Amino acid sequence: MSTTGASADPLAALGALPGVAESVESVRKAVDRVYGHRVMRRRSNAVTSEAALRGARGSAALSGADWELEEVRRRSDFGADDEARVVGAALRLTAEAGQLLSIWRQSPLRVLARLHLVAAATGGDEVGRPRQAGERADEPLVELPLPDADEVAGRLEGLAQLIIAGSEAPALVTAAVVHGELLALRPFTTCNGLVARAAERIVLIGSGLDPKAICPAEVGHAELGRASYLAALDGYVSGTPEGMAAWIAHCGRAVELGVRESTAVCEALQRGAA
């Protein structure tokens with residue numbers, strides 16, 4: 001992560017970039033609206049479950065397994081082929097994220113290792129730890145230059161210290177930085193996109209912005225499309241104020257589209273159609 005100028009709280013400095021406050025406010029209003037829906041008073045657990053399923057489906061789509069929602073819903077075997085394994089990993093990560101909220105602020109690197117272990121679901125010695133010298137990252141969606149193992153280790157430690165120290169930055173800013181940094185680094189040999197989006201979910205939930213996990217940003221990222229996702233990521237990697245602000249705004253739009261999805265779920269539940 002790059003920021004311009006010195007700051008004791010670099011995440012808060014990003015929150016002051018032009019246009020970011022507007023994105024933060026727009027997301028907050030959207031989240032407040034869906035939390036105020038009458039269905040949330042009676043059936044919030046059903047909305048949470050549906051949001052988890054749709055979020056996992058969206059994350060898997062960005063990692064190359066673009067299945068219809070009903071296919072994700074009905075399948076029970078997720079080991080048959082590469083796409084099925086990606087969908088299975090996304091579902092496991094979504095379920096696991098809620099179990100790691102209390103650990104995140106104290107030990108974010110431990111949480112990231114656990115997320116990779118859950119996603120990879122194999123016994124290789126490369127699972128659950130950052131890449132070592134000479135190891136590559138299998139992340140075909142992201143074609144940016146791959147940082148070496150030393151850079152990965154240093155930047156992960158820096159990210160962890162930011163999380164542990166805490167920040168006055170809005171949740172959207174912190175979530176966007178965690179997501180962008182993990183995509184830029186691709187710290188694991190596999191499943192980096194899935195892990196990055198799960199970490200974003202953890203920040204949004206754990207921060208209190210979306211405590212019931214009903215605003216799946218993964219849905220929005222998928223709806224905005226791969227090209228938009230990668231263009232915004234280029235802005236993050238550039239480290240310029242404009243690029244960073246564009247990435248944060250992109251993540252904000254993704255959350256708002258997740259809110260729209262869950263609002264539709266609320267409406268369907270209210271009609272008795274879901």
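Here is a walk through this predicted model, from its core out to its pockets and two unusual loop residues.

Let's start inside. In soluble globular proteins, nonpolar side chains tend to be buried together. Here, the largest nonpolar core takes in 83 residues. If you want places to anchor your view, go for the residues with the most contacts inside that core: L14, W104, L112, L115, V178, W247 and V255.

Two of those tryptophans are worth a stop. Take W104 first. Leaving aside residues up to four places away in sequence, W104 touches V111, L112, I163, V178, A199, I202 and V203. Notice that L112 and V178 turn up among these partners, and both are also on the list of residues with the most contacts inside the core.

Now swing over to W247, where the aromatic rings come in. The model has three aromatic pairs. One of them joins Y229 and W247: the ring centres are 6.1 Å apart and the planes sit at 50°, so the pair is classed as tilted, falling between the under 30 degrees of a stacked pair and the over 60 of an edge-to-face one. Y229 belongs to helix α12 (residues 226-238) and W247 to helix α13 (residues 241-271), so this pair ties together parts that are 18 residues apart in sequence. Are these two residues buried or exposed? Y229 has 0% relative accessibility, so it counts as buried, and W247, also at 0%, counts as buried too. Y236 joins the picture as well, as ring pairs link Y229, Y236 and W247 into a cluster.

On to the empty space. Rolling a probe the size of a water molecule over the atoms shows where empty space is left. The largest pocket has a volume of about 560 Å³. To find it, look for D82, V86, D138, T190 and C191, which lie nearest its centre among the 27 lining residues. Which helix gives the most to that lining? The answer is α5, with six residues. Helices α5 (82-97), α7 (108-120) and α10 (192-206) each supply at least two residues. As for chemistry, the lining of this largest pocket is made up of twelve nonpolar, seven polar and eight charged residues.

The second largest pocket holds about 290 Å³ of space. Its lining counts 16 residues, and R105, T174, V203, G206 and S207 are the ones nearest the centre. Two or more lining residues come from each of α6 (101-104), α8 (149-165), α9 (171-185) and α10. The largest share, three residues, comes from α10. By class, this lining has ten nonpolar, five polar and one charged residue. V203 is a handy link back to the core tour: it lies among the residues nearest this pocket's centre, and W104 touches it.

Finally, check the backbone at two loop positions. R186 is not a glycine, yet it has a positive phi of about 45°. You'll find R186 in the loop between α9 and α10. With a relative accessible area of 3%, under the 20% cut-off, R186 is buried. A213 is the other one to look at, with a positive phi near 55° in a residue other than glycine. A213 sits in the loop between α10 and α11 (217-224). At 12% relative accessibility, A213 counts as buried too.

Key:
Residues are numbered from 1 along each chain as its sequence is written. This is a predicted model: local features need pLDDT of at least 70, side-chain atom pairs count only at pLDDT 80 or more; totals for chains, interfaces and linings use all residues. Side-chain values use heavy atoms; hydrogens and water are left out. A nonpolar core is a set of buried Ala, Val, Leu, Ile, Met, Phe, Trp, Tyr and Cys residues joined through side-chain atoms within 4.5 Å. Buried means under 20% relative accessible area, exposed over 50%, partly exposed in between (1.4 Å probe, protein chains only). Contact means heavy atoms within 4.5 Å. Rings of Phe, Tyr and Trp (its six-membered ring) pair if their centres lie within 6.5 Å; planes under 30 degrees apart count as stacked, over 60 as edge-to-face and the rest as tilted. Helices (H or I, at least four residues) and strands (E, at least two) are DSSP runs, numbered from the N terminus. On a 1 Å grid over the protein atoms alone, a cavity is a set of points where a 1.4 Å probe fits but cannot get out, and a pocket is an open set with protein on both sides within 12 Å along at least five of seven lines; lining residues have an atom within 4 Å of a point. Grid points are joined across faces, edges and corners, and a volume is the space filled by probe spheres set on the points. Ala, Val, Leu, Ile, Met, Phe, Trp, Tyr, Cys and Pro count as nonpolar, Asp, Glu, Lys and Arg as charged, and the others, Gly among them, as polar.
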